[in-house]
Amino acid sequence: MEKNWAVECWGNMGNTEIFYTRREAETYFKSIGKTLDSSKYIFTKDSIVDKNDSSNAVYLTNLSEL
């Protein structure tokens, strides 16, 4: 089994990590989101983007679809 899911962190949003399952990746993705002020970020199902600086972002990515 290979790691097929990534949580990509850009800018000062944390560390990029790669996971075996979507569930593991989503858990990490959500843990990052919980630490952020929701008024300063745009949250979607698979991304978190800083409203003032879009270079600060987190993406949930299925690597097998790339």
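A6 stands opposite I18 in strand β2. This pair belongs to a predicted model, in which local features need pLDDT of at least 70, side-chain atom pairs count only at pLDDT 80 or more, and totals for chains, interfaces and linings use all residues. Residues are numbered from 1 along each chain as its sequence is written, and side-chain values use heavy atoms, with hydrogens and water left out.

The protein contains 1 helix and 5 strands. Both kinds of element are DSSP runs, numbered from the N terminus: helices are H or I with at least four residues, and strands are E with at least two. Read from the N terminus, the order is β-β-α-β-β-β. The helix, α1, covers 22-34, and β3 covers 41-43.

Strand pairing was examined next. Two strands pair if DSSP finds at least two bridges between them. Strand β1 spans residues 5-10 and strand β2 spans residues 17-19. The two are antiparallel, with 3 bridges. They form a hairpin, and 6 residues lie between them. In the turn, G11 has a positive phi of about 70°.

β1 also pairs with strand β5, residues 57-62. Here 6 bridges are found, and the two strands again run antiparallel. W10 has A57 as its bridge partner in β5. C9 is bridged to V58 of β5.

β5 has another antiparallel partner in strand β4, residues 47-50, with 3 bridges. A57 of β5 is the bridge partner of V49. A57 is thus bridged to both W10 and V49. A hairpin of 6 linking residues leads from β4 to β5.

Burial was then considered. A residue is buried under 20% relative accessible area, exposed over 50%, and partly exposed in between (1.4 Å probe, protein chains only). In β5, 5 of the 6 residues are buried, so this strand is largely enclosed by the rest of the structure. Across the protein, buried residues make up 32% of the 66 residues.

Two residues illustrate different settings. V7 sits in strand β1. V7 is buried, because its relative accessible area is 0%. Contact means heavy atoms within 4.5 Å. Leaving aside residues up to four places away in sequence, V7 touches residues including F19, A25, Y28, F29, I32, V58, Y59 and L60. F19 lies 12 residues from V7 along the chain, and their C-alpha atoms are separated by 8.2 Å.

S39 is placed in the loop between α1 and β3. S39 is partly exposed, because its relative accessible area is 49%. The C-alpha atoms of S39 and K51 are 8.6 Å apart, with the two positions 12 residues apart along the chain counted as their separation.

Whole-chain values complete the description. The C-alpha atoms fill a box of roughly 40 × 20 × 20 Å along the principal axes. The radius of gyration is 12 Å, which agrees with the value near 11 Å for a compact globule of 66 residues. This radius is taken over C-alpha atoms, and the globule rule is 2.2 Å times the number of residues to the power 0.38. Of the contacts with a separation of 6 or more, 39% join residues 24 or more positions apart.

The accessible surface comes to about 4600 Å², and 48% of this area belongs to carbon and sulfur atoms. Accessible areas come from the Shrake-Rupley method with a 1.4 Å probe; for residues, only the protein chains shown count as cover.
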